[in-house]
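Got a minute to go through a model together? Here it is.

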Amino acid sequence: MVKVDRREEMTDLDDDATDGQVADFLAAEMSSDAGAWSVGVIEYHCASCNAYYQIQEDELTNYKSLIVGWHEKAAVEGDYFSRFVFEYLAFIAHLKNNVYFGETRDRSVIQNLKQDFRRQSLYVQSVQSNADLLKAFEALIRELQRSPLRNSSMDLDYPEIDKWWNCSGRKPLDNDSGQGGIIRTPHDWENTIEFWYGVRNNLFHGGKSPNIQRDLFLVEHAYKTLAVFMKSEISALE
């Protein structure tokens, strides 16, 4: 089964509720603040039998404060390596728990985001309206064109350009003729996301060093371009 939704609803009013309980329930319903009448619902879908199942909890774990906390901590850290790590944690926690409920693997979440045209449109608008972000993208594009990003998470000695560049599908393209490891324009949504994920993989698997100037540059620009996306996502949660 695949998780398809995670939400809070108002519980049903018991038939034997007192007048006071009825009044409290109606007040909560009219104010849109469920309060004590709130119940957590986690919904799953069985594809083979085309049936939906719901699990009710007294209270759902609230990941918002955790996500916002990581995002805010990233902004005040003294180095870009730490900033990117905390921003990426906020990023992947948000996507898995608030957006793509049915996905458990980071790669699947990343591919779903590449196909998210609403978020793509919002991000492109943010880039177009932010002169500093445009400059950061232009510098990043030049550096990647000079030396494309390679995946060192599998082999630190012989990193390769993986097949997920220029790809938004569920499987990488075997016959893709486009150059991988680069971002073509500031509006290259799918490869910007792949860049974030590639830097994450290299950093978490020991392929990035704070003592190497290029690594510092890539991690800094990964943070700067990702932080703008997360700022927009967090504002939509409020």
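What follows is a short chat about one helix and a pocket beside it in this predicted model.

Reader: Before we start, how are residues numbered and what pLDDT do local features need?

Author: Numbering runs from 1 along each chain as its sequence is written, and side-chain values use heavy atoms, with hydrogens and water left out. Side-chain atom pairs count only at pLDDT 80 or more, totals for chains, interfaces and linings use all residues, and local features need pLDDT of at least 70.

Reader: How far apart are the end C-alpha atoms of helix α6?

Author: Helices here are DSSP runs of H or I, at least four residues, numbered from the N terminus. The expected span is 1.5 Å times one less than the number of residues. For the 16 residues of α6 (131-146) that gives 22 Å, which agrees with the distance in the model, 23 Å.

Reader: Which helices help cover the buried residues of α6?

Author: Buried means under 20% relative accessible area with a 1.4 Å probe, protein chains only. In α6 the buried residues include Leu 133, Phe 137 and Leu 144. Their cover includes α5 (117-128), α7 (189-204) and α8 (213-237).

Reader: Which helix gives the largest share of the lining of the second largest pocket?

Author: Among the lining residues are Asp 132, Ala 136, Lys 224 and Lys 231. Both α6 and α8 supply at least two residues of that lining. The largest share, four residues, comes from α8.

Technical notes:
Buried < 20%, exposed > 50% of the residue type's maximum accessible area, 1.4 Å probe, protein only. Contact = heavy atoms within 4.5 Å. 1 Å grid on protein atoms, 1.4 Å probe; cavity = no way out; pocket = protein on both sides within 12 Å on 5 of 7 lines; lining within 4 Å.
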